[in-house]
Amino acid sequence: MKLREPLLQDATAPTDSAGRQLLCRPSVWIAGGFMLLVIIVSIAAPLIAPYGPEDSNLLLISRNPSWTHLLGTDDLGRDVLTRLMFGGQVTLLGALEAVAVFVIVGVPLGLLAGYLGSRVDRLVMSAIDVVLSIPVIIVLLVVGALFEGNLALMITLGLIASPGIVRVVRAATLSVRAELYVKAAEVTGLSRGQILRRHILPRIVGPAMVQVTVFSAAAIAIESTLGFLGLDSTPPAPSWGSMVAEGATQISNQPWLIVPSGLAIALSVLAVGIVGDALRDVTTRGSGAPVRTVASRRRRRAARGIVSDVVTLNAVIHRSDALVSVRDLVVTLEAPEGDRVMVDRISLDVRRGEALGIVGESGSGKTLTVLALLDLLGEGLRITSGSVLYDGEELVGMSRRSRSALRGREIAFISQEPMLALDPGCTVGSQLREALRANRGLNRRAARAQALELLRRVELPRPEDVARRFPHELSGGMAQRICIALALSGDPKLLIADEPTTALDVTVQAEILDLLRTLREETGMALILVSHDWGVIADSCDDNVVLYAGEVVENAPVTELFAQPRHPYTEGLLAANPHLASAGEFPSIPGGVPSPGEWPTGCRFAPRCRYAEADCLEGHVALVAINEMHVTRCLHSDRVGELLVRGH
């Protein structure tokens, strides 16, 4: 069927950019203009200075400002204005050298520590702690005594100060890394370098720029201090700091000499500081969205001694033609009070071209299971045992580089929050082109053409117009179609959809499900569909797995599962259908899913089960085969079905 044309939302007027907000401040204009003037005058000093920096006239010693010497002369009859111009070259260049080292060292280390985490993070932060314990002044004095000029001093200063920006960039990266669109970029198949450069670095520019401006002001002050001590240049070459020192020696005879260089230092530091304060205000206000905090990182030793599920040989459905075969998968969360098993010995198969549904209440382990397949588990979560075979290749224990190569090209992912899965700072077309170039190696022209073709393939009208839009200009249904297009950019064999219709209205849900069905038929790809909606499962899936409290409780073909569920939990979920409810009565399952670590002994569903007996609590309940295509984790499966038989 031909889908109706989605309505294109009008582009909302964006909030003022950071640049416009900065330019609206008179203080920024004044401070920025002053610094620009100082830099230009210092660079052009050889061309515009009225005298040479070392030209002296002993007949004009320590003179006050005049028309021939606008800022007077020093104790050797040298023009103060000229020396101030040339001194700016030394001071500002030295500060620039320190800032360059500060950025070149600090930003990459912060990005790597925040994005890669684990050992890299520990190594970087340990090195930072060591550097922070070093007394800065003593190190600079030692370097100044060993090396002439200020290059070595400024490099040392940048290195010693870099922990400040490392920490800021790391914290910002951790926050951005938690965003869903970064996970979506990983699943699309982009390399780490592409993700860091295109999707993380632009988001941390604001906090990083604040640190850079603050350090720039500090670098000017520190360089001037070193010049005052005679460490930054070789006399009689001027610098602002050395001019302050020269003026200090003559302060009783000619107090004016200390004023020009002192004002130049003070005003430059103040100007850079004003710009830094303005940047801080703009970046902290941002768009008004709350900043996500990142939980403190705790590391515990691996969970050991997890016993495999004790089942009969026929109790786990095994298909020789399976594209994905999961066996006894265990996902553990490292916590301060001890490791907790979140997903417990899950086994399932997905055949080529098949659609497998995964159903369960919130907290059952649905999303964790599919994230484990994608190797996208969050901080502290990891696979501690089990096997995941994809097309005959073991994924557990595979290197991160090899797993990354599978994402996007072999296995694609669609999240339940399409707006969060798209980078808000990039147009739709640029994100599609980026994914196509990463997954198919296309050039720019070919990627542009294929991006438009993907938009047509997901039945979006006016693809050229859509490609130019930003995510905030899209409706929810359009955003989800674009996420599907991104998932198709690598021609995957397996598509994992985590509740892809949750945030959409009923009409758009039907369109998305029809689109997924059409794409499956056209491409032959397999589908894992995570949902809590039985209607979605019945409409889209061939087989279904029911999860409860981190384990599989039933696995069967969808038609058989609807006709004859053999686990009380599945029966309760099917019975809790508003369309089957009698007047004034709505069947529901009492209680809630127990949290990991609070799972009861024996059958985990027993406290909520209407069929539970004493034997249900005696020990772990194994999966039992009803037939070759149907398994259940229930000791009384022959009694299950009373609720549905009664017409509820």
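**Exercise 1. Ser-531 and its surroundings**

Task: In this predicted model, determine in which strand Ser-531 has its place, whether Ser-531 is buried or exposed, and which residues Ser-531 is in contact with beyond its neighbours within four places in sequence.

Solution. Begin with the secondary structure, where Ser-531 belongs to strand S8, the run of residues 526-531. Next take the accessibility: the relative accessible area of Ser-531 is 5%, and because buried means under 20%, Ser-531 counts as buried. Then turn to the side chain, one polar atom of which lies 2.9 Å from the backbone nitrogen of Asp-533. Finally, once the neighbours within four places in sequence are set aside, the contacts of Ser-531 are Ile-358, Val-359, Gly-360, Lys-366, Glu-499, Val-536 and Ile-537.

**Exercise 2. Strand S10 and its partners**

Task: Establish how many residues of strand S10 are buried, and how many bridges join S10 to strand S9 and to strand S12.

Solution. Strand S10 covers residues 551-557, and 7 of its 7 residues are buried, so the strand is largely enclosed by the rest of the structure. On the side of S9 (residues 543-548), 6 bridges join the two strands, which run antiparallel, and within this pairing Asn-544 stands opposite Ala-556 in S10. The hairpin that S9 and S10 form has 2 residues between the strands, and in it Ala-549 takes a positive phi near 50°. With S12 (residues 630-632), S10 is joined by 2 bridges, again in an antiparallel arrangement, and there Glu-554 has Thr-632 in S12 as its bridge partner.

**Exercise 3. His-567 in its loop**

Task: Locate His-567 relative to helices H21 and H22, decide whether His-567 is buried or exposed, and find which backbone oxygen lies 3.1 Å from a polar atom of its side chain.

Solution. His-567 sits in the loop between helix H21 (558-563) and helix H22 (568-575). The relative accessible area of His-567 is 1%, so this residue is buried. The backbone oxygen in question is that of Arg-633, 3.1 Å from a polar atom of the His-567 side chain. Leaving aside neighbours within four places in sequence, the contacts of His-567 are Val-553, Glu-554, Phe-605, Thr-632, Arg-633, Cys-634 and Val-640; of these, Glu-554 and Thr-632 are the bridge partners already met between S10 and S12.

**Exercise 4. A sheet of four strands**

Task: Give the strand order of the open sheet of 4 strands and explain why one side of S2 and of S5 is left without a neighbour in the sheet.

Solution. The order is S2-S1-S4-S5, and the pairing is antiparallel. Strand S2 (340-351) and strand S5 (393-394) stand at the edges and have a single partner strand each, so one side of each lacks a neighbour in the sheet. Strand S1 (residues 322-333) and strand S4 (residues 381-390) are joined by 8 bridges, and Val-326 has Val-388 in S4 as its bridge partner.

**Exercise 5. The largest cavity**

Task: Describe the largest cavity by its volume, by the residues closest to its centre, and by the elements that supply at least two residues of its lining.

Solution. The model holds 7 cavities of 30 Å³ or more, and the largest cavity contains about 120 Å³ of space. It is lined by 14 residues, of which Ala-184, Thr-188, Phe-413, Cys-483 and Leu-486 are the closest to its centre. Helix H8 (180-188), strand S6 (411-414) and helix H18 (476-488) each supply at least two lining residues, and H8 gives the most, with 5 residues. Sorted by class, the lining has 10 nonpolar, 3 polar and 1 charged residues.

Conventions: Residues numbered from 1 in each chain as written. Predicted model: local features only at pLDDT ≥ 70, side-chain atom pairs only at ≥ 80, totals over all residues. Heavy atoms only, no water. 1 Å grid on protein atoms, 1.4 Å probe; cavity = no way out; pocket = protein on both sides within 12 Å on 5 of 7 lines; lining within 4 Å. Points joined across faces, edges and corners; volume = space filled by probe spheres on them. Nonpolar A, V, L, I, M, F, W, Y, C, P; charged D, E, K, R; others polar. Pairing = 2+ DSSP bridges. Buried < 20%, exposed > 50% of the residue type's maximum accessible area, 1.4 Å probe, protein only. Polar contact = N/O pair within 3.5 Å; in protein donor to acceptor, adjacent residues only side chain to side chain. Contact = heavy atoms within 4.5 Å.
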